[in-house]
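Biologist: Before we talk about pockets, could you show me the model, so that I can ask how each label is justified?

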Amino acid sequence: MRDLILFSIDKNHFAMDLDKIKRIVQAETTTPIAGNAPEIEGVFRFEEKVLKVLSFRKMIGLPPYEKQIDQLFPSLKEGHIEWVEALIDTVDNDVAFTKAISPYECALGKWISSFNAYDDTISKIMEKLFTAHVNFHGQANKIIYEAHECKECAHDMIATDVQPLKEELIGYLDQLHKNKKLIANSLQKFLILDAEEPFAVCIDEIDDIIAIEDERIQTTDMEDDQSFVTIDGIFEHEDTLINLISSIILPKTRRV
């Protein structure tokens, strides 16, 4: 049996032997160091030592994690603009309201529920966003009910209650977007490898820790183009193919 940690980089799935990893810590902002290879994000302090941080995304040619955040927040804003438009359509035309009434069922609500902030600045914004979001969705049933009796009254409620809450939501989402590096740090993790010269690898997400029989692993022998990552097997776990990493090498310092 082998004890493995499973992790993701975008839609790519990997595993490493658990005994090769010294610690898993929350990602944090690194300090760039001149002369490092481009795959090295910078350095950070861990247990009185300064460790280099290797970006797994850069190693396999993916854009920075912040690019996903650049797509996330505009989508969440657009979803709530459409929510208000659908509510107005319901009031005007007596059509069924098909958007989420519960604040926990829309895309933003699901993201809020799954997100843990590890920064005080982000935590304070998230608290305000949560309250505004619950209040925003709470208007739907009241306005739909009012529309049956008085459409003009329902429109007044949208103007005085819903629209300001929508603008408040958008404002908080804009604040989070401006702090996308802190958001990324709250979502990503550092794997600190138990190597002769310890270093950290920045990954997107920890998926699981499992024990697996050796016979389930199909051996292979692959390296990425830069020979930073060696993959010596693949296996299937919960209908997903996982690449088993045998080693990660810290890139050589760039010559200047």
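Biologist: How do you know how the lining of the largest pocket divides into nonpolar, polar and charged residues?
Modeller: In this predicted model, the residues of that lining divide into eight nonpolar, five polar and four charged. Leu and Tyr count as nonpolar, and Asp and Glu as charged, so among the lining residues closest to the centre of the largest pocket, Tyr-65 and Leu-187 belong to the nonpolar class, while Asp-204 and Glu-205 belong to the charged class.

Biologist: What makes a residue one of the 17 that line the largest pocket?
Modeller: A lining residue has an atom within 4 Å of a point of the pocket, and 17 residues line this one, including Ser-114. The space in the largest pocket comes to about 390 Å³.

Biologist: Which element gives the largest share of that lining?
Modeller: Helix 2 does, with three residues, and helix 3 (107–114), helix 7 (180–187) and strand 8 (205–212) are also among the elements that each supply at least two.

Biologist: What makes Glu-41 and Lys-181 charged, and where do they lie in relation to the second largest pocket?
Modeller: Glu and Lys both count as charged, therefore Glu-41 and Lys-181 fall in that class, and both are among the lining residues closest to the centre of the second largest pocket. By class, this lining has seven nonpolar, five polar and seven charged residues, and the pocket has a volume of about 210 Å³.

Biologist: Which element gives the most to the lining of the second largest pocket?
Modeller: Helix 1 does, with three residues, while strand 5 (49–55) and helix 7 each supply at least two.

Notes: Residues are numbered from 1 along each chain as its sequence is written. This is a predicted model: local features need pLDDT of at least 70, side-chain atom pairs count only at pLDDT 80 or more; totals for chains, interfaces and linings use all residues. Side-chain values use heavy atoms; hydrogens and water are left out. On a 1 Å grid over the protein atoms alone, a cavity is a set of points where a 1.4 Å probe fits but cannot get out, and a pocket is an open set with protein on both sides within 12 Å along at least five of seven lines; lining residues have an atom within 4 Å of a point. Grid points are joined across faces, edges and corners, and a volume is the space filled by probe spheres set on the points. Helices (H or I, at least four residues) and strands (E, at least two) are DSSP runs, numbered from the N terminus.
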